[in-house]
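The following note sets out points for a colleague who is reading the structure at the bench. Please keep the sequence and the model in view while going through the points.

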Amino acid sequence: YYGIAVSGGITPRDTGVVIENNTIAQVVYYGIYVNYGTNTKIRKNSVQFRPSSADKKATGYWLTNISTAAPGDIEITRNYVSGAGQYGIYMSSVNGTGAPTNRYVNVYNNMIAGEFFSNAIAANDLPRGLSINGCGWVNVYFNSVLMDAPINIGVVDNTAAFYVLGTAATGNIRVYNNIFAQNNLGYAYYNASAAATNPVII
């Protein structure tokens, strides 16, 4: 079910994990899964699913509870995924720090190439290409995301190429020079954050 999985503890966390230059094919559930880490680097990986047997919640890169510490940033760069069920890249509680340390979560030059095969009706099953949930001090630059999940006839389509839920208190999310494409009836960009605490800078 998992291509690569790294799951540490709350204290101490796995520090300085680098997952780089891997090709993961015919995966069913998670391509790359990381939980509880510090200064994690996910670079130049390729994940391809087998839709005929993959789970409807299949996720290319599932990254949760990752933080920064001196020296260094978190890097999610130059990765590829196609054929996911629910998420291309899912991030939850992946946080940098603001001034004066200025350590960031850098999400650069990733390709989420569509071929989403699931479009479940339940809200917690909706496909999202790049999903950022409760993360702060994130730079989202130069990514390409295609959302092409099947259309559910007679059902409101809330799929999204790029989805954000967060608060300004967690830290800003800077979004520049990306391509977010929606091929069906959903959203290219959906921000579920409250207006008064919106963290996104576009």
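**Notes on the predicted model**

1. Charge. The protein chain carries 11 positive and 9 negative side chains, with the centres of the two sets 6 Å apart. The model under review is predicted.

2. Overall dimensions. The C-alpha trace of the protein chain spans about 50 × 40 × 30 Å along its principal axes. For 202 residues, a compact globule would have a radius of gyration near 17 Å, and the 16 Å of the protein chain agrees with this.

3. Surface and interior. About 8600 Å² of the protein chain is exposed, and carbon and sulfur atoms supply 52% of that area. Of the 202 residues, 49% are buried.

4. Secondary structure and contacts. The protein chain has 21 strands and zero helices. Among contacts with a separation of 6 or more, 77% are made by residues 24 or more positions apart.

5. The seven-stranded sheet. One open sheet has seven strands in the order S3-S6-S9-S12-S15-S18-S21, and the pairing is parallel. Its edges are strand S3 (18-20) and strand S21 (200-201); each has a single partner strand, so one side of each is left without a neighbour in the sheet. Within this sheet, strand S6 (residues 41-43) and strand S9 (residues 74-77) run parallel and are joined by three bridges. Ile-42 stands opposite Ile-76 of S9.

6. The six-stranded sheet. Another open sheet, also with parallel pairing, consists of six strands in the order S4-S7-S10-S13-S16-S19. Here S4 and strand S19 (179-182) are the edge strands; because each has a single partner strand, one side of each is left without a neighbour in the sheet.

7. Pairing along the six-stranded sheet. Strand S4 (residues 23-27) runs parallel to strand S7 (residues 46-49), and four bridges join them; Val-27 has Phe-49 in S7 as its bridge partner. S7 in turn pairs with strand S10 (residues 80-82) in the parallel sense over three bridges, and Gln-48 stands opposite Ser-82 in S10. The pairing of S10 with strand S13 (residues 111-112) is likewise parallel and has two bridges. In S13, Ile-112 is the bridge partner of Val-81. As a general reminder, strands of a sheet pair through backbone hydrogen bonds, either parallel or antiparallel.

8. Thr-40. Is Thr-40 buried or exposed? Its relative accessible area is 2%, under the 20% cut-off, so Thr-40 counts as buried. Thr-40 lies in the loop between strand S5 (30-38) and S6. Beyond residues up to four places away in sequence, Thr-40 touches Val-17, Val-34, Ile-66, Asp-73, Ile-74 and Glu-75. Ile-74 and Glu-75 fall within strand S9 (residues 74-77).

9. Gly-129. Which strand holds Gly-129? Gly-129 is located in strand S14 (residues 128-133). With 0% relative accessibility, Gly-129 is classed as buried. Its contacts, leaving aside neighbours within four places in sequence, are Tyr-87, Gly-88, Ile-89, Ile-112, Phe-116, Val-145, Met-147, Ala-160 and Ala-161. One of these, Ile-112, is the residue of S13 that bridges to Val-81. Ser-193 is 64 residues from Gly-129 in sequence, and the two are 17 Å apart in space, C-alpha to C-alpha.

Note on methods: Residues are numbered from 1 along each chain as its sequence is written. This is a predicted model: local features need pLDDT of at least 70, side-chain atom pairs count only at pLDDT 80 or more; totals for chains, interfaces and linings use all residues. Side-chain values use heavy atoms; hydrogens and water are left out. The radius of gyration is taken over C-alpha atoms; the globule rule is 2.2 Å times the number of residues to the power 0.38. Buried means under 20% relative accessible area, exposed over 50%, partly exposed in between (1.4 Å probe, protein chains only). Contact means heavy atoms within 4.5 Å. Accessible areas come from the Shrake-Rupley method with a 1.4 Å probe; for residues, only the protein chains shown count as cover. Lys and Arg count as positive and Asp and Glu as negative; His and the chain ends are not counted. The place of a charge is taken as NZ of Lys, CZ of Arg, CG of Asp or CD of Glu. Two strands pair if DSSP finds at least two bridges between them.
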